[in-house]
Amino acid sequence: MNNRRTMESLLTEHGRTFADEAGIRLRDTPQPLYQLLVLSHLLSARIRGSVAVAAAQALFAHGMRSPRRMLESTWQQRVDALGEGGYRRYDEKTATQLADGAELLLDEYGGDLRRLRRWADGDLDALRSGLRRTPGIGPAGADIFLREAQAVWPETAPYLDKKALQGAEKLGLPTSPEKLAGLAEQARPSGRHGPAVLAAALVRAALDKDIVADLRARA
């Protein structure tokens, strides 16, 4: 199997972050970082990724784009927005957790996750622990957030968690984060694809057997 060809096809065809899919213009500023936290919360549930993305889009479309606006919304408004996105199985619990998480973020960090970043000072374990204090954010949610946030928090890169490495293994690629990052750089030397895109592409492969079958057949 030609690993470089596989990586190039993976990045070209499936290299899109989940934040981008949800319409989040990720920057190192409070509002998009909060929106990424909400998306990570939704994606971490046992529900289709497309549903989680649609639910995040519905919340944001209804104005719940910041912790303050989330906290000012009613529980029913949050439930309705989640339902609009098809996120019905966990809607009531999640509606409560979103408000509790917004309140904690405002109380602890003034609504600004960059304060958590500064407090962690490059310590990934501290970052994960800080994120997991948010109601609804467990180990999976923290991993999702950091996979995507490495696009604007480069000190965390390359952040390739178990799910991303599972995708690499299914594709027959190396399972070392450093080797994968190097292979991605060789495959796309223009730099259009950063580590967050690499992580998202590998996760898509981990979650979709058709992607794996297609790429392996062409390698």
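A pocket, as the word is used here, is an open set of grid points with protein on both sides within 12 Å along at least five of seven lines. With that in hand, here are some exercises on this predicted model.

**Exercise 1. Find the volume of the largest pocket and work out what lines it.**

Step 1: start with the space itself. The largest pocket has a volume of about 460 Å³.

Step 2: go to the lining. It is made up of 21 residues, and those closest to the pocket's centre are Leu43, Arg147, Lys163, Val203 and Leu207.

Step 3: place the lining on the fold. Two or more residues come from each of α2 (18-21), α4 (49-61), α10 (139-149), α11 (162-170) and α13 (195-207). Helix α10 gives the largest share, with four residues.

Step 4: sort by class. You get nine nonpolar, three polar and nine charged residues.

**Exercise 2. Do the same for the second largest pocket.**

Step 1: its volume comes to about 200 Å³.

Step 2: 15 residues line this pocket, and His41, Ser44, Ala45, Gln97 and Gly136 sit nearest its centre. The elements giving two or more residues are α7 and α10.

Step 3: the class count for the second largest pocket reads six nonpolar, seven polar and two charged.

**Exercise 3. Look for closed-off space: how many cavities of 30 Å³ or more are there, and what lines the largest cavity?**

Step 1: rolling a probe the size of a water molecule over the atoms shows where empty space is left.

Step 2: the count for this structure is one cavity of 30 Å³ or more. About 70 Å³ of space lies in the largest cavity.

Step 3: read off the lining, which includes Tyr34, Leu37, Val38, His41, Gln97, Leu98 and Ile137. Helices α3 (30-43) and α7 (91-109) each supply at least two of the lining residues.

Step 4: by class, that lining has seven nonpolar, four polar and no charged residues.

**Exercise 4. Work out which side of helix α14 is buried, and what covers the buried residues.**

Step 1: pick out the residues under 20% relative accessible area. In α14 (residues 209-218), Ile211, Val212 and Leu215 are buried.

Step 2: these residues lie on the same side of α14, because they cover an arc of only 95 degrees around the axis. As a reminder, an α-helix has 3.6 residues a turn, so residues three or four places apart point the same way.

Step 3: check the face turned away from the buried side. That face carries the exposed residues Lys209, Asp210 and Ala217.

Step 4: find the cover. Among the elements over the buried residues are α1 (3-14), α11 and α13.

Step 5: finish at the helix start, where a side-chain oxygen of Asp208 comes to within 2.9 Å of the backbone nitrogen of Asp210.

**Exercise 5. Decide where Pro32 sits, and whether Pro32 is buried or exposed.**

Step 1: Pro32 belongs to helix α3.

Step 2: Pro32 counts as buried because its relative accessibility is 6%.

Step 3: leaving out residues up to four places away in sequence, Pro32 touches Ile24, Arg25, Leu26 and Arg27.

**Exercise 6. Track down the backbone oddities at Pro158 and Asp121.**

Step 1: the peptide bond from Ala157 to Pro158 is cis, with omega near -5 degrees. Pro158 is in the loop between α10 and α11.

Step 2: Asp121 isn't a glycine, yet its phi is positive, near 55 degrees. Asp121 lies in the loop between α8 (114-120) and α9 (124-132), and is exposed at a relative accessible area of 66%.

Note on methods
Residues are numbered from 1 along each chain as its sequence is written. This is a predicted model: local features need pLDDT of at least 70, side-chain atom pairs count only at pLDDT 80 or more; totals for chains, interfaces and linings use all residues. Side-chain values use heavy atoms; hydrogens and water are left out. On a 1 Å grid over the protein atoms alone, a cavity is a set of points where a 1.4 Å probe fits but cannot get out, and a pocket is an open set with protein on both sides within 12 Å along at least five of seven lines; lining residues have an atom within 4 Å of a point. Grid points are joined across faces, edges and corners, and a volume is the space filled by probe spheres set on the points. Ala, Val, Leu, Ile, Met, Phe, Trp, Tyr, Cys and Pro count as nonpolar, Asp, Glu, Lys and Arg as charged, and the others, Gly among them, as polar. Buried means under 20% relative accessible area, exposed over 50%, partly exposed in between (1.4 Å probe, protein chains only). The arc is that of the directions from the helix axis to the C-beta atoms. Contact means heavy atoms within 4.5 Å. A polar contact is a pair of N or O atoms within 3.5 Å; within protein, one must be able to donate a hydrogen and the other to accept it, and residues adjacent in sequence count only if both atoms are side-chain atoms.
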